[in-house]
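Open the model in your viewer and get ready to select residues as you read. We will go stop by stop, saying what to pick and what is there.

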Amino acid sequence: MSNRQTAHFRRVLDSLKQSLIDDIQRAADELQDGPEALADPADRASAETELAVELRNRDREHKLIGKIDEALARIDAGEYGYCDNCGVEIGLKRLEARPTATLCIDCKTLAEIRERQVAS
């Protein structure tokens, strides 16, 4: 991977990370406003469901930030863009679609097939 491509993916990852941090901060600010006092049980249940979904989304975003940090560390180490399993370069299209990818498309496909077989 060229220096220009590496710099591009660093910018993409940094931008994605900042966007996630902004979303998390916005959500935290909204949650700090406190719970609404809802008299209707259906409204309370709906609000609790929305809160649960919001918390699940925040958890996913925290995990994605961890993966972004790992990808940035791989860039710093000169290992970004190479499959963790077979060592082959991960295709640029795959990295554009999922900049935190650690497996080439072939290894990821095999891993997904194994997951399906174990789940069956």
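Before the first stop, one term: a contact means heavy atoms within 4.5 Å. Please also keep in mind that this is a predicted model.

**Stop 1: the two domains**

Start by colouring the chain in two parts, domain 1 (1-80) and domain 2 (83-119). The C-alpha centres of domain 1 and domain 2 lie 23 Å apart. Where the domains touch, twelve residues of domain 1 are in contact with eight residues of domain 2.

**Stop 2: the annotated span**

Now select residues 78-111. UniProt, in an unreviewed entry, gives this stretch the feature "domain: Zinc finger DksA/TraR C4-type". Helix makes up 38% of the span and strand 0%. If you draw a line between the end C-alpha atoms of residues 78-111, it should read 25 Å.

**Stop 3: four cysteines**

Next, show the side chains of Cys83, Cys86, Cys104 and Cys107, which the unreviewed UniProt entry lists under "binding site". These cysteines are spread over 25 residues of sequence, yet they cluster in space, with a largest C-alpha distance of 8.1 Å.

Zoom in on Cys86, in the loop between helix H2 (41-77) and helix H3 (92-97). Is Cys86 buried or exposed, or partly exposed? With 42% relative accessibility, Cys86 counts as partly exposed. Setting aside neighbours within four places in sequence, Cys86 is in contact with Cys104 and Cys107.

Move on to Cys104, which sits in the loop between H3 and helix H4 (105-119). Its relative accessibility is 8%, so Cys104 counts as buried; the cut-off for buried is under 20%. Which residues does Cys104 touch, not counting residues up to four places away in sequence? They are Cys83, Cys86, Ile90 and Arg94.

**Stop 4: a pocket between the domains**

Keep Arg94 on screen and add the other residues that line the second largest pocket: Lys67, Glu70, Arg74, Arg98, Thr100, Ala101, Thr102, Leu103, Lys108 and Glu112. The volume of this pocket is about 210 Å³.

Where does the second largest pocket lie? Domain 1 and domain 2 both give residues to its lining, so the pocket lies between them. H2 and H4 each supply at least two residues of that lining, and H2 gives the most, with three residues. Try colouring the lining by residue type: two residues are nonpolar, two are polar and seven are charged.

**Stop 5: a buried arginine in H2**

Follow helix H2 to Arg58. At 11% relative accessibility, Arg58 counts as buried. Show what surrounds this side chain: leaving aside neighbours within four places in sequence, Arg58 is in contact with Asp23, Ile24, Arg26 and Ala27.

**Stop 6: an exposed lysine in H3**

Finish at Lys93, which you will find in helix H3. Lys93 has 78% relative accessibility, so Lys93 counts as exposed; the cut-off for exposed is over 50%. For a last distance, select the C-alpha atoms of Lys93 and Asp22. These two residues are 71 residues apart along the chain, and their C-alpha atoms are separated by 27 Å.

Note on methods:
Residues numbered from 1 in each chain as written. Predicted model: local features only at pLDDT ≥ 70, side-chain atom pairs only at ≥ 80, totals over all residues. Heavy atoms only, no water. UniProt positions renumbered as here; feature names shortened; annotations may be inferred. Helix = DSSP H or I, 4+ residues; strand = E, 2+ residues; numbered from the N terminus. Buried < 20%, exposed > 50% of the residue type's maximum accessible area, 1.4 Å probe, protein only. 1 Å grid on protein atoms, 1.4 Å probe; cavity = no way out; pocket = protein on both sides within 12 Å on 5 of 7 lines; lining within 4 Å. Points joined across faces, edges and corners; volume = space filled by probe spheres on them. Nonpolar A, V, L, I, M, F, W, Y, C, P; charged D, E, K, R; others polar. Domains from an automatic or database assignment.
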